[in-house]
Amino acid sequence: MGKGCIAATKYFLFLFNLLFFIFGAVIMGFGLWVILDNQSFITVLQESSTTLKVGAYILIGIGSLSMLMGFVGCIGAIYEVRCLLGLFFTCLLLILIAQVTAAVLIYFQRDRLKHEMSTIVNTVLVNYTGHNKTSEHAWDYLQRTMKCCGWTGPSNWTENLLIKSQKNNSQILYPCSCRNDSISGTDIKERGLCEALSADWPVFTTGCVSSVEDWLLRNYGVILGVLIAIAVIELLGMMLSMCLCKSVQQEDYTKVPKY
């Protein structure tokens, strides 16, 4: 391989590793968001699902490892250190295999995951009070933004303990975050339970599971494109690191900066 090709491969690999470092930072940031954000839908599941918490910590670990790999790859590419290039190739291959395995498992376990989510959300709805609880505020946020009500529909809310208890007092309550502003009724509030003027609740009729599935279908192309792009970038990085590793005949460690 000519010197020009080696130089081009080296700097392309450096650029790839820089992108990989940024990609790792994004993954770690997403894991931190799952753990720390109190106003997202994922919080509803996080409080009741140990699996999700473990998954968030795994994302943080993968992101940190990816950032470290990006740094190691940059050093190996610029200073042509074969052992670092080989280590980078091996770790990248393992990450790619892990990603494919995770995608396959999620695909074949999707019905089980959907059932688990349904159980967790229905538990939140039954015990909902609207008073300073993270999972309740997160669910209110989802219903407002997705313009939906309940998991499969507004009927899920009829099992709420407070709504059922107030029926004996002839008071008709409904979840405020379900309020459809196109229907005349009481004032619009962000959270809690509101009093209805009639037996017909002025709420959205679509369940949130349908709204989320519709959102995923509408953005299916974008999600699939991002996943394919990530896989292609990783394969390209593996090819570049292997080519550069083969081109290095003798390592010169004197080029590596001393700290």
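**Exercise 1.** Find how many aromatic pairs the whole structure holds, and describe the geometry.

*Solution.* Start with the search: across the whole structure it finds one aromatic pair. Rings of Phe, Tyr and Trp (its six-membered ring) pair if their centres lie within 6.5 Å; planes under 30 degrees apart are stacked, over 60 edge-to-face, the rest tilted. Tyr 128 and Trp 157 are the partners, 5.0 Å centre to centre with 90° between the planes, so edge-to-face.

This is a predicted model: local features need pLDDT of at least 70, side-chain atom pairs count only at pLDDT 80 or more, and totals for chains, interfaces and linings use all residues. Residues are numbered from 1 along each chain as its sequence is written, and side-chain values use heavy atoms, leaving out hydrogens and water.

**Exercise 2.** Are Tyr 128 and Trp 157 buried or exposed?

*Solution.* Take the cut-offs: buried is under 20% relative accessible area, exposed over 50%, partly exposed in between (1.4 Å probe, protein chains only). Tyr 128 has 1%, so it is buried. Trp 157 has 0% and is buried.

**Exercise 3.** Work out how helix 4 and helix 9 are oriented to each other.

*Solution.* Locate them: helix 4 spans residues 82-108, helix 9 residues 220-247. Helices here are DSSP runs (H or I, at least four residues), numbered from the N terminus. Read the angle: about 155°, with the axes 9 Å apart. Apply the cut-offs: under 35 degrees is roughly parallel, over 145 roughly antiparallel, 65 to 115 roughly perpendicular, the rest oblique. The two helices are therefore roughly antiparallel.

Definitions and conventions:
Axes are lines fitted to C-alpha atoms, for helices over the stretch in contact, and angles run from 0 to 180 degrees between N-to-C directions.
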